[in-house]
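Trainee: Can we go through this one together? I'd like to start with the ligand and then move on to the charged side chains.

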Amino acid sequence: MKTQVAIIGAGPSGLLLGQLLHRRGIDNVILERRSGEYVLSRIRAGVLEQGMVDLLREAGVDRRMDEEGIPHDGFELAFDNRRVRVDLEGLTGGKTVMVYGQTEVTRDLMEAREAVGATTIYEAENVQPHDLDTDHPYLTFEKDGEICRLDCDYVAGCDGYHGVARRSIPEDRIKTFERVYPFGWLGILSDTPPVSDELIYANHERGFALCSMRSKTRSRYYVQVPEDEKVEDWSDERFWDELKARLPDDVAGKLVTGPSIEKSIAPLRSFVAEPMQYGRLFLVGDAAHIVPPTGAKGLNLAASDVNTLYRLMVKVYQEGRTDLIARYSEVCLRRVWKAERFSWWMTTNLHKFSDGEDFERRIQQAELDYYTSSQAGLTTIAENYVGLPYESLD
Ligand SMILES: Cc1cc2nc3c(=O)[nH]c(=O)nc-3n(C[C@H](O)[C@H](O)[C@H](O)COP(=O)(O)OP(=O)(O)OC[C@H]3O[C@@H](n4cnc5c(N)ncnc54)[C@H](O)[C@@H]3O)c2cc1C
């Protein structure tokens with residue numbers, strides 16, 4: 001089998017890249033380790049930056065997003081039993097975000113790919129990249145017990161944090177940067193109306209909480225828990241009680257509770273691999289970097305890498321601009337590190353790091369008070385939250 005761009009992984013990065021390339025006449029094949037149903041069963045991100053929304057439009061998958069997605073022009077920070085609104089639209093000259101679940105984005109992209117007849121091979125086992133530092137890289141994989149080979153011009157490693165792409169770069173050619181936080185997020189999904197029209201990020205002495213949503217009838221809530229916490233120890237009742245205890249009184253009083261339809265714990269980590277390319281392999285999305293979800297940046301960073309690689313590939317195939325290939329990593333990383341910084345800042349100032357750290361708590365409160373009482377501070381938060389601009393390649 002032969003293609004121009006071989007894509008490892010059918011998460012949002014791989015599917016979005018595949019769709020954009022296909023629309024510009026660049027042939028690609030996606031190899032995915034799991035089944036399509038499994039990929040769709042993962043409940044993850046839900047806030048899309050304007051840049052990602054525009055990219056989904058360019059990929060032709062905007063119909064359902066426009067019907068069902070909820071544009072948000074602000075969000076709230078809660079601390080000291082009070083709430084401060086960050087007016088995204090007003091502070092950024094009209095930019096907003098869209099609440100539309102990662103599962104829905106993935107479903108739309110899968111359907112679009114199927115409609116155009118592009119190839120995705122699900123349950124492709126033991127995918128292995130070869131000869132990445134030559135002009136003729138290829139992948140091998142196992143499908144239904146047979147060993148198959150996919151020849152290509154370029155490989156896009158869109159296979160997430162645990163994938164094979166990053167691990168296939170020689171150790172002396174890659175450097176990683178990491179911070180693991182001593183807590184995770186316990187999240188539940190419930191078919192209850194959201195407590196507020198806008199997201200609420202709460203700093204509380206018992207720990208962080210987030211009120212989010214997927215639609216007008218489906219809510220997503222999180223509470224910070226210790227890193228070794230077990231999801232089985234959290235009944236729905238215990239979750240709702242803890243959430244209420246961490247929200248300002250007026251919000252807690254309005255909270256509508258109900259049975260959870262999903263409950264899971266996600267660890268929090270900051271991670272970056274540099275450079276994001278090796279020979280003809282490009283790392284995209286979670287394969288290259290992870291952010292704690294506090295700034296809603298993970299999925300959006302994946303989209304900005306896709307934007308860079310997609311435009312690069314178009315220039316390579318349509319204008320012969322192979323000179324731009326060397327710029328991929330540097331262009332991506334400038335934006336990646338800024339999103340890492342914002343996610344770290346939000347995480348650092350909204351979570352409880354240890355018991356009895358009164359100094360740390362006072363500094364957090366001063367930080368939040370300072371940023372939210374200054375127009376410059378609020379603007380800084382808003383422009384990072386809606387997403388920094390995508391950088392052009394040339
Ligand atoms: C539990 C959880 C909660 C999250 N919550 C949020 C949130 O609230 N907000 C936010 O912004 N971000 C969140 N994120 C991050 C966000 O979901 C990711 O940034 C996003 O999924 C990245 O997309 P991706 O396509 O790069 O990687 P992934 O979504 O990880 O997709 C990678 C794909 O590659 C496949 N794959 C892996 N290894 C191989 C292999 N060897 N061969 C073939 N295929 C392979 C995987 O099966 C997967 O389908 C969350 C992530 C997790 C894990």
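Mentor: Sure, one definition to begin with: helices (H or I, at least four residues) and strands (E, at least two) are DSSP runs, numbered from the N terminus. Also, this is a predicted model, where local features need pLDDT of at least 70, side-chain atom pairs count only at pLDDT 80 or more, and totals for chains, interfaces and linings use all residues. Residues are numbered from 1 along each chain as its sequence is written, and side-chain values use heavy atoms, with hydrogens and water left out.

Trainee: Got it. Which helices each supply at least two residues of the shell around the ligand?

Mentor: Helix H1 (12-23) and helix H9 (298-319).

Trainee: And how many residues surround the ligand?

Mentor: There are 29, where being near means having a heavy atom within 4 Å. The closest are Ser13, Glu32, Arg42, Gln102 and Asp286.

Trainee: How does the shell divide into nonpolar, polar and charged?

Mentor: It has 13 nonpolar, 8 polar and 8 charged residues. Here Ala, Val, Leu, Ile, Met, Phe, Trp, Tyr, Cys and Pro count as nonpolar, Asp, Glu, Lys and Arg as charged, and the others, Gly among them, as polar.

Trainee: What lies 2.6 Å from an oxygen atom of the ligand?

Mentor: A polar side-chain atom of Glu32. Ser13 also has a polar side-chain atom 2.7 Å from a ligand oxygen, and an N or O atom in the side chain of Gln102 is 2.7 Å from an oxygen of the ligand. The protein covers 86% of the 1,000 Å² of accessible area that the ligand has on its own (Shrake-Rupley method, 1.4 Å probe).

Trainee: Switching topic: how many salt bridges are there?

Mentor: The count comes to 34, taking a side-chain nitrogen of Lys or Arg within 4 Å of a carboxyl oxygen of Asp or Glu. Side chains of opposite charge can pair when their charged atoms come close.

Trainee: Which residues are linked in a network?

Mentor: Arg64, Glu68, Glu104, Arg107 and Asp108 are linked by salt bridges.

Trainee: What does Arg149 pair with?

Mentor: Asp151, with the closest N and O atoms 2.9 Å apart.

Trainee: Is Arg149 buried or exposed?

Mentor: In between: Arg149 counts as partly exposed because its relative accessibility is 42%. Buried means under 20% relative accessible area, exposed over 50%, and partly exposed in between (1.4 Å probe, protein chains only). Asp151 is partly exposed too, at 23%.

Trainee: And what about Glu330?

Mentor: Glu330 forms a salt bridge with Arg327, the closest N and O atoms being 3.4 Å apart. Glu330 is partly exposed at 38%, and Arg327 is partly exposed at 22%.

Note on methods: A polar contact is a pair of N or O atoms within 3.5 Å; within protein, one must be able to donate a hydrogen and the other to accept it, and residues adjacent in sequence count only if both atoms are side-chain atoms.
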